[in-house]
Protein chains: 6
Amino acid sequence: MALLHLSTWPEVADYLTESRGLIVPIGSTEQHGPIGLIGTDAICAEVIAKGVGDATGALVAPTINVGMALHHTAFPGTISLRPSTLLLVLRDYLVSLARSGFQRFFFINGHGGNIATVKAAFAETYAALTELQIPGADQVRCELANWFMCPSVTQLARELYGDREGSHATPSEVAVTQFVYPEAIKQGVLSAEVNRDHAIYGAVDFRCRYPDGRMGSDPSLATPEHGQQFYQRAVNDLSQRYRQFLSAE
Amino acid sequence: MALLHLSTWPEVADYLTESRGLIVPIGSTEQHGPIGLIGTDAICAEVIAKGVGDATGALVAPTINVGMALHHTAFPGTISLRPSTLLLVLRDYLVSLARSGFQRFFFINGHGGNIATVKAAFAETYAALTELQIPGADQVRCELANWFMCPSVTQLARELYGDREGSHATPSEVAVTQFVYPEAIKQGVLSAEVNRDHAIYGAVDFRCRYPDGRMGSDPSLATPEHGQQFYQRAVNDLSQRYRQFLSAE
Amino acid sequence: MALLHLSTWPEVADYLTESRGLIVPIGSTEQHGPIGLIGTDAICAEVIAKGVGDATGALVAPTINVGMALHHTAFPGTISLRPSTLLLVLRDYLVSLARSGFQRFFFINGHGGNIATVKAAFAETYAALTELQIPGADQVRCELANWFMCPSVTQLARELYGDREGSHATPSEVAVTQFVYPEAIKQGVLSAEVNRDHAIYGAVDFRCRYPDGRMGSDPSLATPEHGQQFYQRAVNDLSQRYRQFLSAE
Amino acid sequence: MALLHLSTWPEVADYLTESRGLIVPIGSTEQHGPIGLIGTDAICAEVIAKGVGDATGALVAPTINVGMALHHTAFPGTISLRPSTLLLVLRDYLVSLARSGFQRFFFINGHGGNIATVKAAFAETYAALTELQIPGADQVRCELANWFMCPSVTQLARELYGDREGSHATPSEVAVTQFVYPEAIKQGVLSAEVNRDHAIYGAVDFRCRYPDGRMGSDPSLATPEHGQQFYQRAVNDLSQRYRQFLSAE
Amino acid sequence: MALLHLSTWPEVADYLTESRGLIVPIGSTEQHGPIGLIGTDAICAEVIAKGVGDATGALVAPTINVGMALHHTAFPGTISLRPSTLLLVLRDYLVSLARSGFQRFFFINGHGGNIATVKAAFAETYAALTELQIPGADQVRCELANWFMCPSVTQLARELYGDREGSHATPSEVAVTQFVYPEAIKQGVLSAEVNRDHAIYGAVDFRCRYPDGRMGSDPSLATPEHGQQFYQRAVNDLSQRYRQFLSAE
Amino acid sequence: MALLHLSTWPEVADYLTESRGLIVPIGSTEQHGPIGLIGTDAICAEVIAKGVGDATGALVAPTINVGMALHHTAFPGTISLRPSTLLLVLRDYLVSLARSGFQRFFFINGHGGNIATVKAAFAETYAALTELQIPGADQVRCELANWFMCPSVTQLARELYGDREGSHATPSEVAVTQFVYPEAIKQGVLSAEVNRDHAIYGAVDFRCRYPDGRMGSDPSLATPEHGQQFYQRAVNDLSQRYRQFLSAE
């Protein structure tokens, strides 16, 4: 593995003679309930991306640590790009990197709220690269891999937490952050009752609907040991998927 | 049912005293293989939206007939908005209509390629409505309903076509257009071989990968009678879903 | 005639070997007074475009049914794009279609409020096509044809309605919608008094100035038979104009 | 008269206690044929705006000297904003000035190519002012006055030049610049033949169609004395129109 | 010297065979305290640009007389572009002019508030010119020269005014306007006390902080004779700098 | 100190009852010569920001690790936002955070190329916050602190490296990265000759002018010990400056 930000440009030039693949972690900076870290999604995406980089020898880009979290902005500490801004950010990243010669972009994503915008950005960018007549534009491919949707991950979450996994500020993602930052494990008393709804509309509605920020989850179940298991499973699944992505026609 | 474009503004004002719901059909104008109509996605969304309007008494907006189809633009006749443009279009629609007093927007969608951008637009718009301080902004909710993903629809497609349903220019959607426009049923000899891949990247790549525009489908299996069945099932499913949407907390 | 949305891409490819012309109907979705349909401008543009397509053999694109109607947004049911959005929409349409090989775009317009933005979009797009280096970019020409300004149309309106034609929610346009949708003819008592002003500023000012939405018009004079006459005259005039447009140097 | 740029802010504050009107000259920086000045449109708009300011006591803003001239950009020296940019410029001007308390904006325009974009910008801005909740937003009104279309001006041009007036680089506008800058009167032999077409598409097409930049005009007929006459007539017409604009309901 | 707006396009074509340089004055339209002109920054930039043009034979473009002055917009008469708009304006200017063949753009700036946006625009434009594949794109260079920061100017200001020069509505810039427009010298009693702070945040904060618009300055010290000295020094310094800019590798 | 991403939202809510300040590190991902890390600017900004957070008790936001580096994009591995994109990113950050109640934003910057755009973004955002009527909008203040321009830092660089400090890929910044990541110290033979120019234009020109990416620097002089000294000095200077910023009127 190598991290782009710990490499020099001649090292990147060398890498490109052997591979055109790049792993891009993308997360979010948003409330994760009473005991989840605001950086949860970025932390998970980053550590798993590094793991996949180690396993596959792929270069790993710096983490996009702020994403699309407008619905969380009624909780303090959340930072969100608008979808229209995130779309431009991803376009600019991909244009820069495609000029360098990268052609296979594997985004490891830690936040469900990013999915729509990231996919829209891929479509916008394929067309932009062609319009800009960047050499190899027609060869560029992007893939979005959501670590929390890996089959081995969702299976483990089901086994460990059942329906207390929920869909935001989940014990599985909190566990991964505990594995990475054991010094930042938070304590707190969680109300037993939690809204198990899945609906997401505007920010004000969200805070009314989910007053402490959790969506159906019980993050107090998380442990660092669980986190390590989730990490390992996600790295295994996504490493295999990255290799397939690179070798696909 | 009523169609917005066949109503007067006083009729709309009356409607709003009883309902704050609106159905918005959205399709695409893009190649649909050798015998599928370029308007397939818009035609299907529109007819099903009208059916749901009939069944539920909901007002139906004019069809958004051009969507996000950049990957099809290497085939003549395709018209596409860029995701960034479609996002603005949907924002403008929703701002106009929320000013009128509409608060429940039920999009009936005929095109998979629209999904990401439409969802991104919902998020962008919730925040915009709040920023603009439109009365009732925090009450606005949007839902995206893809008719081709209704359980009863996919089940029928599986029964009728098995794996020859494919994922673009499918016999199920072609059947619906044949039901609506029997005078526009096209004949054509289709190659037996067809790429069953699902990958979608840029437009040039798409045409190389799927030379006649089909993705794994055999639209020659379509009949108007099938179309009527798909239509009926989609209308039933989505009418129920619309009612739930209106009555949900 | 053929409609783009009822054609297949191979049919479009064939058409392009014989003609590079396309007719694009553009309307609006906006209040048209107490008895005029919200879809009036789109309905008129669409039916006349189809008539011109029949007369000339030209391909007709799907109708752009929402345009620039910001000044009508204080009346419920109006949907408007901002000029900046409509400009992008038209740019995206023209870029898609110019890539296909179309080079003569004949917009049949049903709404005065679109004129400025459509013309601005033409200028923006000519430059964009050159910047994008689309083959044949320098050959692309767009023309805006407002059916309600055809000499034969305005003459008939004068004869039938005199100064009760007005300038918005006019009997002539209402008549055309009655010809197309006789089942949607609305009844209503109109105040004899109506503001004959022409001024248009913001939406709030507009509704104060024109309380029921009419600008100097008496749409109760409309009949379906009048509508047919207007339709025929517009089709004749615009068919001739389209042919000249195609054959011009 | 007073010029905004030669006033202090307390003087503007005083002016606003008596009038809410402002005159904004807008021109273009574009080729005007072999002997016309590149600044012709800005020079004409500015001098006439100052004349109207003198006659009416209105404050005159700095001249917008670069406008929408994309079709002239194949001739060296032309500077053009894209319509989408000019739209933003006008929005920003009007937002700034409406915050100051100005509510009647009288644009004196010297360039036909600006008309569409300026009108689109008015519509965009009315809505923006309301969205921004600027005090008095609903009272803001903009008017576009094209000096070259004043009845007294076109009549004089017909009398003096007949069909040699043409439609770009006209003797009438060149005459006004000669009146303002007698030291910058250019000599040059003009081809007798000139394309009398009116068509305007892209920049490359424009230069092919109008090789020396003139559209049907013979600017060699211009004299400074004519210029003074045009100036006087335009000032008279537009002063009256400005007063009506201010006093209109 | 020549002014672009007083030239014809063939004259520009001739100029380009000998030089690829252009001087672009840029100012602002903003409050300048109780006795400073709203147009101060544009007036200074323009007159000095013309002086440099005279001294060096360089062509001078029309003055960009409205810049980035958002922080002054709580004072009446100020007009400001947003940075995002000014960035587009400069991009459009440079794209137009680079197409003409200009490659050395020397901006003479009269307003500190423009600096950041102008520099950002240079960066944005270099990339845009390459993306647009404009011939010679990689040869384009822009330089920003702030006349008020010329060493000979700041030295004179120190000698004449000491710490009463301040940083906005300064006696030095007011002096230059008095030299240019002696007929527009304003009188007024200035409070002896003035905030010598340098902080600039939002517009409301600015007016609270600097109630009469001055930042630490005493413009009553200005005289037309001082203005002529500043003018001469700026012209000398910038003429030399322009020549170096043109001849640099 | 606390890091925003390692905090929960209730912790942020608590923090806001005591302080409205936030430290935002911003860097870049760009070539730094033959032995400098691509992440140099982000690494330096981040570590110093954490140090300042420790010293002052301020909360530290996640690092903006990609900035404005268009001029470096001809070297592989560089990622850049366009200025127009970075401007939107910063606006979105600040809008989100101002909604939370933060009002003092202290940006610690590691990259000269960010300065112009960041300052432009501050101006754009102050106006946007007012337009959006965010509570406390008029109290928001942003400050840009470039660690490499701290007096104590530049003095040490001069002492240690003299004119071999240069202006890009400098030994001082490389030293800080060596202090943070001793495991990522790169070796390499540097040409003795290096261009001592300061000019920055487009990306292609940059690579021609500075073939190995250095601007006048000799990063081989860097040591981790130097890095620690630079770190300490920057933290001291900026901690004091942050405290002043918080306490200023």
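**Exercise 1. A charged pair across the interface**

Task: In this predicted model, find what kind of contact joins the side chains of A:Asp92 and F:Arg82.

Solution: Start with the distance, which is 3.0 Å from N to O. Next, bring in the cut-off: a salt bridge needs a side-chain nitrogen of Lys or Arg within 4 Å of a carboxyl oxygen of Asp or Glu. The pair A:Asp92 and F:Arg82 therefore counts as a salt bridge. Now zoom out to the whole interface of chain A and chain F, where the rule finds 4 salt bridges. Polar contacts can be tallied too: 20 residue pairs, both partners at pLDDT 80 or more, make one across this interface.

**Exercise 2. Who builds chain A's side?**

Task: Work out which helices of chain A each supply at least two residues to the side that touches chain F, and which gives the most.

Solution: Begin with the helices: H1 (9–18) and H3 (83–100) of chain A each put in at least two residues. H3(A) gives the most, with 9 residues. Then sort that side of chain A by residue type, and you get 25 nonpolar, 17 polar and 7 charged.

**Exercise 3. Sizing up the contact**

Task: How many residues does each chain bring to the contact, and how much area do chain A and chain F bury between them?

Solution: Count residues to begin with: chain A brings 49 and chain F brings 49. As for area, the two chains bury about 4,000 Å² between them, with 63% of it on carbon and sulfur atoms. Finally, look at the top contributors on chain A: A:Leu6, A:Trp9 and A:Pro76 supply 18% of the area that chain A buries against chain F, more than any other three residues.

**Exercise 4. A covered helix**

Task: Is helix H2 of chain A mostly covered or mostly open, and what lies over its buried residues?

Solution: Get the geometry down before anything else. H2(A) runs over residues 40–56 and reaches 24 Å from its first C-alpha to its last, close to the 24 Å expected. Then check burial: 12 of its 17 residues are buried, so the helix is mostly covered. Among them are A:Ile43, A:Val47 and A:Val52. The cover includes strands S2 (21–26), S3 (59–60) and S4 (104–109), plus helices H6 (171–180) and H8 (224–247) of chain A.

For one piece of that neighborhood, pick A:Ser239 in helix H8 of chain A. A:Ser239 touches A:Val52, A:Ala55 and A:Thr56, leaving aside residues up to four places away in sequence. With a relative accessible area of 3%, A:Ser239 is itself buried. Last stop, just past the helix: A:Gly57 follows H2(A) and has a positive phi, near 75 degrees.

Conventions
Residues are numbered from 1 along each chain as its sequence is written. Chains are lettered from A and ligands numbered from 1 in the order in which they are written. This is a predicted model: local features need pLDDT of at least 70, side-chain atom pairs count only at pLDDT 80 or more; totals for chains, interfaces and linings use all residues. Side-chain values use heavy atoms; hydrogens and water are left out. Contact means heavy atoms within 4.5 Å. Buried area is the accessible area (1.4 Å probe) that two parts lose on being put together, summed over both. A polar contact is a pair of N or O atoms within 3.5 Å; within protein, one must be able to donate a hydrogen and the other to accept it, and residues adjacent in sequence count only if both atoms are side-chain atoms. Helices (H or I, at least four residues) and strands (E, at least two) are DSSP runs, numbered from the N terminus. Ala, Val, Leu, Ile, Met, Phe, Trp, Tyr, Cys and Pro count as nonpolar, Asp, Glu, Lys and Arg as charged, and the others, Gly among them, as polar. The expected span of a helix is 1.5 Å times one less than its number of residues. Buried means under 20% relative accessible area, exposed over 50%, partly exposed in between (1.4 Å probe, protein chains only).
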